[in-house]
Amino acid sequence: MIVADAGYKTPAIAKMLLDDGITPVFPYKGPVTKKGFFKKHEYVYDEYYDCYICPNNQVLKYATTNREGYREYKSNPSICVNCPYLSQCTQSINHQKLVTRHIWQEYIDKCEDIRHTLGMKEIYELRKETIERQFGVAKENHCMRYTQQRGKAKMTMKIGLTFACLNMKKLAKILTKRERKSSFFSSVSLIFGFNFGF
């Protein structure tokens with residue numbers, strides 16, 4: 001399982017993880033539509049006929065697949081020009097609505113199913129206690145708010161060393177906790193005459 005923020009929620013990353021047998025836990029990613037316009041989920045995809053249905057029950061047919069891997073679905077301008085929802089749908093000069101769907105969209109849909117699975121919300125919330133905490137410490141205590149060196153190679157070296165040290169610090173804390181726990185149970189076993197295997 002891997003937990004990542006919304007910036008990593010792309011079809012390519014979702015496909016790579018799922019194909020490798022890794023369960024991705026991504027957060028909800030809000031729509032990027034302009035205010036006052038229909039959101040993308042309001043255009044219903046018909047898998048059987050491979051088309052979209054708009055809020056006015058009109059069909060957006062498949063037109064082409066662009067170089068970025070998105071399938072383009074376009075409406076009929078002659079129908080859209082008289083549509084009462086045109087101002088909420090598109091600002092296109094030729095009155096044509098375009099909806100895109102990535103060729104690997106089914107992987108994003110699987111990630112959404114995983115997100116809604118019981119217990120995944122609690123797992124994602126642990127991210128701020130582990131990953132985000134390390135970034136916070138790096139920014140506050142190790143001058144990571146701004147670049148201190150010139151050039152990518154120098155900054156790569158600085159960042160690598162910084163996070164290596166933070167990881168060693170974290171490992172030291174984990175080992176210390178284990179040692180304390182181990183010594184505690186050893187003491188209890190001696191007091192009560194039990195052998196807990198420590």
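Which element provides the largest share of the lining of the second largest pocket? In the predicted model described here, that share comes from helix α7, which contributes 6 residues. The second largest pocket encloses about 300 Å³ of space. Its lining consists of Glu129, Thr130, Arg133, Gln134, Val137, Leu166, Lys169, Lys170, Lys173, Ile174 and Lys177. Two or more of these lining residues come from each of the helices α6 (127-141) and α7 (152-192). By residue class, the lining of the second largest pocket comprises 6 charged, 3 nonpolar and 2 polar residues.

The largest pocket has a volume of about 1,200 Å³. It is lined by 33 residues, and those closest to its centre are Pro31, Val32, Lys40, His41 and Thr100. Two or more lining residues are supplied by each of α3, β7 and α4. Strand β7 gives the most to this lining, with 5 residues. The lining of the largest pocket divides into 14 nonpolar, 10 polar and 9 charged residues.

Enclosed space was examined as well. Rolling a probe the size of a water molecule over the atoms shows where empty space is left. The structure contains 1 cavity of 30 Å³ or more, and the space in the largest cavity amounts to about 110 Å³. Its lining is formed by 15 residues, and Cys54, Asn56, Cys80, Cys83 and Cys89 are those that lie nearest the centre. The elements giving two or more residues to this lining are α2 (77-80) and α3 (86-89). Of the residues that line the largest cavity, 11 are nonpolar, 3 are polar and 1 is charged.

Two of these cysteines also belong to the largest nonpolar core, in which Cys54 and Cys89 are joined by Phe38, Tyr43, Tyr52, Leu60, Tyr73 and Val99. This core has 8 residues. In soluble globular proteins, nonpolar side chains tend to be buried together. One member of the core, Tyr73, touches Tyr45, Asp50, Cys51, Tyr52, Leu60, Lys61, Tyr62, Lys97, Leu98, Val99 and Arg101 when residues up to four places away in sequence are not counted. A second, separate core has 7 residues, including Ala4, Ala14, Leu17 and Phe26.

Helix α1 spans residues 11-19, and its buried residues are Pro11, Ala14 and Leu17. These residues lie on the same side of α1, because they cover an arc of only 135 degrees around the axis. Among the elements that cover the buried residues of α1 are β1 (2-3), β2 (24-25), β7 (98-102) and α4 (105-115). Just after α1, Gly21 adopts a positive phi of about 80 degrees.

A comparable analysis was made for α4. In this helix, the buried residues are Gln105, Tyr107, Ile108, Cys111 and Ile114. Viewed down the axis of α4, these residues fall within an arc of 165 degrees, so they line one face of the helix. The cover over the buried residues of α4 includes α1, β2, β7 and α5 (120-125).

Several loop positions were also characterised. Most residues other than glycine have a negative phi, and most peptide bonds are trans. Asp50, which is not a glycine, nevertheless has a positive phi of about 50 degrees. Asp50 is located in the loop between β3 and β4 (51-53), and is one of the residues that Tyr73 touches. Asn57 likewise has a positive phi, near 60 degrees, and is a residue other than glycine. Asn57 is placed in the loop between β4 and β5 (59-65). With a relative accessibility of 64%, Asn57 counts as exposed, because exposed residues are those over 50%.

Glu42 occupies the loop between β2 and β3 (44-46). Its relative accessible area is 32%, which means that Glu42 is partly exposed. Apart from neighbours within four places in sequence, Glu42 is in contact with Ile53 and Pro55. Glu42 and Pro55 are separated by 13 residues in sequence, while the distance between their C-alpha atoms is 6.4 Å.

Technical notes
Residues numbered from 1 in each chain as written. Predicted model: local features only at pLDDT ≥ 70, side-chain atom pairs only at ≥ 80, totals over all residues. Heavy atoms only, no water. 1 Å grid on protein atoms, 1.4 Å probe; cavity = no way out; pocket = protein on both sides within 12 Å on 5 of 7 lines; lining within 4 Å. Points joined across faces, edges and corners; volume = space filled by probe spheres on them. Helix = DSSP H or I, 4+ residues; strand = E, 2+ residues; numbered from the N terminus. Nonpolar A, V, L, I, M, F, W, Y, C, P; charged D, E, K, R; others polar. Buried < 20%, exposed > 50% of the residue type's maximum accessible area, 1.4 Å probe, protein only. Arc of directions from axis to C-beta. Contact = heavy atoms within 4.5 Å. Core = buried A, V, L, I, M, F, W, Y, C linked by side-chain atoms within 4.5 Å.
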